[in-house]
Amino acid sequence: MRNLIITFFIICMIFTQSNGQNRCDKECLKELSNGVDFIQFIYNPLTLKEPIKGYYADIKKLLNIPEIEIGRKDIKVALIIPQDVIKSYSVVVSVSVFSYIFKRDIGSHIEIFYSGDESKDSLNFTIQRAKNSGFKHFIAPLTIDGIGVINSSDYDDLIFYIPTVNIKSIQNPSSNIFFGGIDYEAQIQKLLTKSNGKVSVFGDGSKVANMLNDIVANNTDNPYIKNIEGNDIKLNFLKDNYRVKNSSIFLNTPLIKSALLSSQFRVFDLNPHILLSTQLNYNSALISLTQSKDRQNIYIANSIMTPDSQLETLSALLGQKLAYDWVAYSTMIGMDFIYLNYINKNAKAIFKEKLQNNQVQYKIDIMRAGNYGFYIDEEI
């Protein structure tokens, strides 16, 4: 099925892009067939020709979705992708937009505009190119640096949705910029309700980990903070570490390191009161990477509510686990926001989350890690 969809996109690439600026050459098609950034071009009904119509009909039939009337262009959105900065999230955002379009059963004009980095010159040039092509609505998975560029009166006539950043991280954002990033501070504050007051924090020295470490430090009294950087992991410092023993431990580390640490606390007989993590470690792989006795005391904050089953299926066909990927989830909320507020105000919302003061408001559940998956902690 995945190969069928990839083939569909490859054929679309061959027949489309009348202006030629995004035409895909033989080497590009080779990459597409290997699943590397295969959504450089996203379905545009006006370009469908034989045999594209046949592939499209097969996909729709398999997904049990009604046919889109050929020629409809119900939504026009540009994706601004700083691929050198967000790396693999480039595909995550693209796949999410594609899945949303199929779920909505709408004709679309979606283009991806790559900026490379988030420098002022790169982003201004890329956004201007998209604007010159008639785009007014943008999905832009930027970091704080990139938002500093678009947070300008020069772009007051455009609408930006940022799936990757929470508005709390930005000073004086423009009213035309909307945010879908997770509220890590709210997640940490809710996790702290499970704490015994003695807090330890482990990070890996990354920007995300340092941000989370700072949030924990600002919300607790004198926590023990330790960064474990690089691949050569030495944990001898855990031996007889009274600061860690019987503490509430925040794992602000990537999945592999979090799984390793959860076992080593037991090896060093530190008997943690509880292990805590934000959305960072809400991943089904955690179950297979940890032993039952190591994860029985793990509590993880999660802001992804039960996804629409059809969206989940569409994402899964393209190798994406929507239930565990908050950037994908946020991107789809952004598409829904743009469609409902600027394209078709009579449509029914797919997501329950609302935007208030330009920020998506997420519910936070505290999850436990069982033997077969996650379940909501009923004690909160």
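Two strands count as paired if DSSP finds at least two bridges between them. With that in hand, welcome to this predicted model. An open sheet of 7 strands with mixed pairing is one part of the picture, and a largest nonpolar core of 51 residues is another. Here is a short tour of both, with the helices that pack around them.

**The sheet**
- Reading across the open sheet, the strand order is S7-S6-S8-S9-S10-S13-S14.
- Strand S7 (224-227) and strand S14 (374-376) form the edges, each pairing on one side only.
- On average, neighbouring strands here are turned by 25 degrees against each other, with direction ignored.
- As general background, strands of a sheet pair through backbone hydrogen bonds, in either a parallel or an antiparallel way.

**Pairings around S8**
- Strands S6 (residues 199-203) and S8 (residues 248-252) run parallel and are joined by 5 bridges.
- Within S8, Phe-250 is the residue that stands opposite Val-201.
- S8 also runs parallel to S9, and 3 bridges join these two strands.
- Ile-249 has Leu-275 of S9 as its bridge partner.

**Both sides of S9**
- In a regular strand, side chains alternate between the two faces of the sheet.
- S9 is covered on both faces: Ile-274 and Leu-276 are buried on one side, while Leu-275 and Ser-277 are buried on the other.

**Helices on the sheet**
- Helix H8 (residues 184-191) packs on the sheet and touches S8, strand S9 (274-277), strand S10 (298-302) and strand S13 (365-369).
- The direction of H8 makes about 145 degrees with that of S10.
- Helix H10 (residues 255-267) also packs on the sheet, touching S6, S8, S9 and S10.
- For H10, the angle between its direction and that of S8 is about 155 degrees.

**The nonpolar core**
- Among its 51 residues, those with the most contacts inside the core are Val-77, Leu-79, Ile-139, Tyr-161, Phe-250, Tyr-329 and Met-335.
- Helix H14 (residues 326-343) gives the most to this core, contributing 10 residues.

**H5 against H14**
- The axes of helix H5 (residues 89-104) and H14 come within 9 Å and cross at roughly 45 degrees.
- H5 is therefore oblique to H14, since an angle of that kind falls outside the parallel, antiparallel and perpendicular ranges.
- The crossing of these two helices, H5 and H14, is right-handed.
- On the H5 side, the contact includes Tyr-89, Val-92, Val-93 and Arg-104.
- On the H14 side, the residues met include Val-327, Thr-331, Met-335 and Leu-340.
- Met-335 is also listed among the core residues with the most contacts.

Technical notes: Residues are numbered from 1 along each chain as its sequence is written. This is a predicted model: local features need pLDDT of at least 70, side-chain atom pairs count only at pLDDT 80 or more; totals for chains, interfaces and linings use all residues. Side-chain values use heavy atoms; hydrogens and water are left out. A nonpolar core is a set of buried Ala, Val, Leu, Ile, Met, Phe, Trp, Tyr and Cys residues joined through side-chain atoms within 4.5 Å. Buried means under 20% relative accessible area, exposed over 50%, partly exposed in between (1.4 Å probe, protein chains only). Helices (H or I, at least four residues) and strands (E, at least two) are DSSP runs, numbered from the N terminus. Axes are lines fitted to C-alpha atoms, for helices over the stretch in contact, and angles run from 0 to 180 degrees between N-to-C directions. Contact means heavy atoms within 4.5 Å. Angles under 35 degrees count as roughly parallel, over 145 as roughly antiparallel, 65 to 115 as roughly perpendicular and the rest as oblique. A crossing is left-handed if the near helix is turned anticlockwise from the far one by less than a right angle, and right-handed if clockwise.
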